[in-house]
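Hello,

Here is the structure you asked to have handed over. Please keep it open while you read the notes under it.

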Protein chains: 2
Amino acid sequence: MSRNEFSEGDLRNTGMSLKHDREWDYELERIVEAVDERDAKKVGLQFPEGLKRRGPKVTDDLRELLPEDVTVMMSGQPCYGACDLDTYLMRRTDVFVHFGHSPMKESEKIIYVPLFSNVEVLPIIEESLEEIEGDQVGLVTTAQHMNRFEEMREFLESRGYEVHTRKGDDRLTHEGQVLGCNYASADIDADNVLYVGGGKFHPLGLAMEHPEKNVVIADPVNNVVTVADTEKFMKQRYGAVHRAMDAEKWGVIFCTKIGQGRWDQAEEIVEENENAYLITMDEVTPDRLRNFDMDAFVNTGCPRITTDDGPQFHKPMLTPGEYEIAVGNKPLDALEFDTFHGTW
Amino acid sequence: MSRNEFSEGDLRNTGMSLKHDREWDYELERIVEAVDERDAKKVGLQFPEGLKRRGPKVTDDLRELLPEDVTVMMSGQPCYGACDLDTYLMRRTDVFVHFGHSPMKESEKIIYVPLFSNVEVLPIIEESLEEIEGDQVGLVTTAQHMNRFEEMREFLESRGYEVHTRKGDDRLTHEGQVLGCNYASADIDADNVLYVGGGKFHPLGLAMEHPEKNVVIADPVNNVVTVADTEKFMKQRYGAVHRAMDAEKWGVIFCTKIGQGRWDQAEEIVEENENAYLITMDEVTPDRLRNFDMDAFVNTGCPRITTDDGPQFHKPMLTPGEYEIAVGNKPLDALEFDTFHGTW
């Protein structure tokens, strides 16, 4: 399958879709300064999928600002998150810039340029208030709306809500930030969580991770309010688990991306199941797995690949938790969303 | 596009297609010995696409032969040649085995297991003699038939031919061996070249590289004899060059695979053309390039991706030589097959 076929996991269904052909602040001065300081000769740029088409223009602008002998290059590797650093390019350039995500881990090697959205968030938050029950509300958002987090909080407070926020864990840079694989910022003492951001990508995980909460989605990009419903998603996951129950041969995927490795988990499965085989790879795609003669797969890498792209794989693809259910180590009702904690 | 869609570049159109579900010699003793010698705890196995489905069985056999505390893992990265080492897995395992290709460069880190075909070659060579003009013939084959090279030579000599062979250059392990990107072994003093091997994959490049020779293909896998005809291929290449002539923005691909990097070539293009942009990546696929807003691409990596998969890219994809024609640095009739020399 291709990320271009507009699956549910496609970034174009999310806040990354750039409906408005807006200008971003690429913070070129910061890059130029770093080149100057380090007397850099090679500059590497990495953009997430939805922003790759801006790469040539950013390169042009940088070339104009930088000395002639500096070579600027762009990463052509797929990039879906801060976990997804092009370490090859990073190691071979003097200045390496990762656009569009907040740092999963600060590093002197990497300049993170967040690229905040300029979409107004208050009108859709106003609309979302109808769905919030009571006056206690947790507030979370994604990296690209982080610059308006205080604005959101103040607005809610001005409407009489007590706003609960927290910084999830080490994997997250900001208070109130969620990732597709980490919703620890929503572990707050309130029955409602207001998620401000595009698409269904994040709030589904959020609702799965917090089934007891009323998860309200205020999507400022598509300008709609919805309440998260995990039913369809749960059905799909139970379907995958059931189909995998008869599997004899299991492919256990260890993802080699810097922010997605869970070696202990992968090794443990293989040690305990003699019909399990370790497969290492960076991009986990249906094409790459089709040639392996397996009955089912467990993906210890990005849970969004497993859940969003799952139906496109030729064999059932489970999260490590789902695997435990499929092989009978855990009961069916133990099914929960797979999340990532920590960095690397 | 997917390698599974059976394009002309698909390995299943070549000698790798494994029509006969034959047994291979995986040389497990050599692997076990290396594990023992190095007191290895981690063993990595890399198979080409057509053999990945054999991976679990080979893993089973190895597990039975190795101490319990040794972890065996398979590379899930795409692999189409000896240029295509999974360096991530190689660096993280004590013993790393690359199956199905002969060494592009010997290394203590890598155990190469060639996996020779057991298909009979003489019957189809006998048939191919009709197409050979005169009594001088060059002889070339691919890695998987290399074990029968002397048998082929003796057969031809017994039929009265003078057989010309040579070892191409550093990129090749064996006398008479050709790669998809290197036909230097056919630089011999004879008007005929007999290519023994599967598919159209290699002989097309061979015929392009040696347009003055009569290239006869004896395909022992599909049991057919043909004479290489480059006309359709040339038309496709000229088509791509013509479509790229109006391009303003060029994406210049530098392939990060260990055996496919041609940095000087990539850098030179970008230095001389201000509308050219460097893109670094390992797998060069239509999906990955679709997000870049370019009018045409030059691929300094594997020429087979450019020529065999070319039509599946959304914009014209040229070899470096074809690029020179498209931008007017060279005349149209300078078009030739892109080959790789040297190792890494």
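The notes below cover the two copies, one sheet and some ring contacts.

This is a predicted model, in which local features need pLDDT of at least 70, side-chain atom pairs count only at pLDDT 80 or more, and totals for chains, interfaces and linings use all residues. Residues are numbered from 1 along each chain as its sequence is written, chains are lettered from A and ligands numbered from 1 in the order written, and side-chain values use heavy atoms, without hydrogens and water.

A turn of 180° with a shift of 0.0 Å along the axis lays chain A on chain B at an RMSD of 0.0 Å (least squares on C-alpha atoms of residues with pLDDT of at least 70 in both). The two copies are therefore related as by a two-fold rotation axis. Of the contact residues of chain A, 100% recur in chain B (contact: heavy atoms within 4.5 Å).

Eight strands form an open parallel sheet, in the order 13(A)-12(A)-10(A)-11(A)-2(B)-1(B)-3(B)-4(B) (strands are DSSP E runs of at least two residues, paired by at least two bridges). Strand 13 (317-318) of chain A and strand 4 (110-113) of chain B stand at the edges with a single partner strand each, so one side of each has no neighbour in the sheet. In strand 4 of chain B, B:I111 stands opposite B:V97.

As for charges over rings (NZ of Lys or CZ of Arg within 6 Å of the ring centre and within 35 degrees of the ring normal), A:R262 lies over the face of A:F340, at 4.0 Å from the ring centre. B:R92 lies over the face of B:Y88, at 3.6 Å from the ring centre.

Regards

Definitions and conventions
Helices (H or I, at least four residues) and strands (E, at least two) are DSSP runs, numbered from the N terminus.
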